[in-house]
Each structure stands twice: as structure tokens, then as C-alpha cells.
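The following exercises are to be worked with the sequence and the coordinates at hand. Each task is followed by a solution in steps.

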Amino acid sequence: MGGLIKSSIARKVAMALSGLFLVFFLLQHFSINFTSVFSPDLFNEISHFMGTNPVVQFLLQPILIFAVVFHFVMGFVLEVQNNKARAVKYAKYKGSANAPWVSRNMIYSGLVVLAFLGLHFYDFWVPEIVYKYVETNPEVPTRYYEELVHKFENPLRTWLYVLSFVFLALHLWHGFASSFQSVGFNNKYSVGATKFAKAFAVIIPLGFVFIAIVHHFNH
């Protein structure tokens, strides 16, 4: 039993650490994309640097892809583990009285976010790989802004992104805050950290929604 408990705790800590890493990436990704709203030139400059820097392309990018896969696989493993642990079923289960809706449905919001990542990879990462390594086109430092705006010309794709960011907010609302507890961050700063996590869960997805809508209506 002790081994199972330790194994469960280790998985939760690993899940939390990978989630925190992805939150940091999300903030960095948002910061870059937000520049496209007020300065296409700056967005092109940063995107060109990120797209041609070998450290980013051949070290950080594989780490990021691994973190995404690891986080979601670990999420499914923990979900299966939690379901098996419920050997004794409640005669009457009041879901909302025991846990918030968001925390009880992390697997579903996670699946939507995973589907969104698939769309995002299809829209941006795959064309980028094809452009640079399959077709071996010469690098054009000013191409990134136009490529971004072009993706949001389609209203269906734009609203799919908006819906995905809503589910991302729901996923972050519980996941980001709980990650601090999972890694043992439980002190006098815990309340402040939770408030920060909740604010982040709302502000950053709304920021992405703002970017998508601005480019959709200004193309």
C-alpha cells in the first residue's frame, strides 16, 4: 500500500512539474503572439529569431513536445488510477458538494485542449517544418505575420480557437492552482499563489481570444 501511495504522489508531482513548465511556455507564447497586435515588424523579428535559432529548434522544441505528450499521458494514467481507487462507491454522490465541476472534469477539458494543440500543430508547426525542411525554401524574415493573419481569415477556425481557449481557461483554473500544492508549495504564500494562478487562468486565455478576434476582423 505504501508503495502505491508513493507512486501516486510521484505521478502527481511529475504531472504538476510538467504542467508548470507548459504554463511558462504558454506565457512566453502569448507574449510573442501579442506583439502581432500592435507591431507586425516586432512579431516578425521575434518569430524569425525563434524559427532560426538552433537552440530553440533542436533543443527546446523537442523538450516542449515531450512535455506536452508526457503531461497528457500522465493525466490519463492518473485518471485511470483514480477510477480504480474508488473501490467503495458512494450510495449518493453529490458531485458539486464534494468537488468543483472543473476539478471533476479535468480529463474532458484536457481532451479539448489536446485537440486544440493538434489543430495548432496542423496550422503552424507542420507547415513550418514543411516550409523549412521538406521544401527547403529560403528564409523570409517578414513572412510570419502574414502567415499568422491568414490562419484567422476563416471564421470557423477562429471560433474553434476561441472555444479551445475557453476550455484552456477551465483546465488552468483548477490545474495551475493545484500544481502548487502537488509540488509541496504550502506556506504563507499559498493563498497569493492560488490567486495568481486563478488570474492567470482567466487573463492569458482571454488574451489569446483577443488576438484571434483582432486578426479575424482586421484581415
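**Exercise 1. Environment of Ala212**

Task: Determine whether Ala212 is buried or exposed, and identify which residues it contacts beyond its neighbours within four places in sequence.

Solution. In this predicted model, Ala212 has a relative accessible area of 1%. The limit for a buried residue is under 20%, so Ala212 is classed as buried. Ala212 belongs to helix α9, which comprises residues 190-218. Once the neighbours within four places in sequence are set aside, Ala212 is in contact with Phe152 and Thr158. For Ala212 and Leu114, the separation is 98 residues in sequence and 19 Å in space, taken from C-alpha to C-alpha.

**Exercise 2. Geometry and sides of helix α2**

Task: Establish what span helix α2 (residues 40-52) should have at 1.5 Å a residue, and where its buried residues lie around the axis.

Solution. The expected span is 1.5 Å times one less than the number of residues. For the 13 residues of α2 this gives 18 Å, and the end C-alpha atoms are 18 Å apart, so the two values agree. The buried residues of α2 are next listed: Phe43, Asn44, Ser47 and Gly51. These residues cover an arc of only 95° around the axis and therefore lie on the same side of α2. Finally, the face turned away from this buried side carries Asp41 and Glu45, both exposed.

**Exercise 3. An aromatic pair in helix α1**

Task: Classify the arrangement of the rings of Phe34 and Phe38, and state which aromatic cluster contains them.

Solution. A pair of aromatic rings is described by the distance of the centres and the angle of the planes. The structure holds 16 aromatic pairs. For Phe34 and Phe38, the ring centres are 5.8 Å apart and the planes stand at 65°. An angle over 60 degrees counts as edge-to-face, so the Phe34 and Phe38 pair is edge-to-face. Both residues lie in helix α1 (residues 2-38), four residues apart, which is about one turn of the helix. Phe34 is partly exposed, because its relative accessible area is 31%, whereas Phe38 counts as exposed at 52%. Both belong to one aromatic cluster, formed by Phe30, Phe34, Phe38, Phe116, Phe152, Tyr161, Phe165, Phe208 and Phe210.

**Exercise 4. A charge over aromatic rings**

Task: Find over the ring of which residue the charged end of Arg143 sits at 4.1 Å from the centre, and over the face of which residue Arg143 lies at 4.3 Å.

Solution. At 4.1 Å from the ring centre, the residue is Tyr131. At 4.3 Å from the ring centre, the residue is Tyr144.

Conventions
Residues are numbered from 1 along each chain as its sequence is written. This is a predicted model: local features need pLDDT of at least 70, side-chain atom pairs count only at pLDDT 80 or more; totals for chains, interfaces and linings use all residues. Side-chain values use heavy atoms; hydrogens and water are left out. Helices (H or I, at least four residues) and strands (E, at least two) are DSSP runs, numbered from the N terminus. Buried means under 20% relative accessible area, exposed over 50%, partly exposed in between (1.4 Å probe, protein chains only). The arc is that of the directions from the helix axis to the C-beta atoms. Rings of Phe, Tyr and Trp (its six-membered ring) pair if their centres lie within 6.5 Å; planes under 30 degrees apart count as stacked, over 60 as edge-to-face and the rest as tilted. A charge sits over a ring if NZ of Lys or CZ of Arg is within 6 Å of the ring centre and within 35 degrees of the ring normal. Contact means heavy atoms within 4.5 Å.
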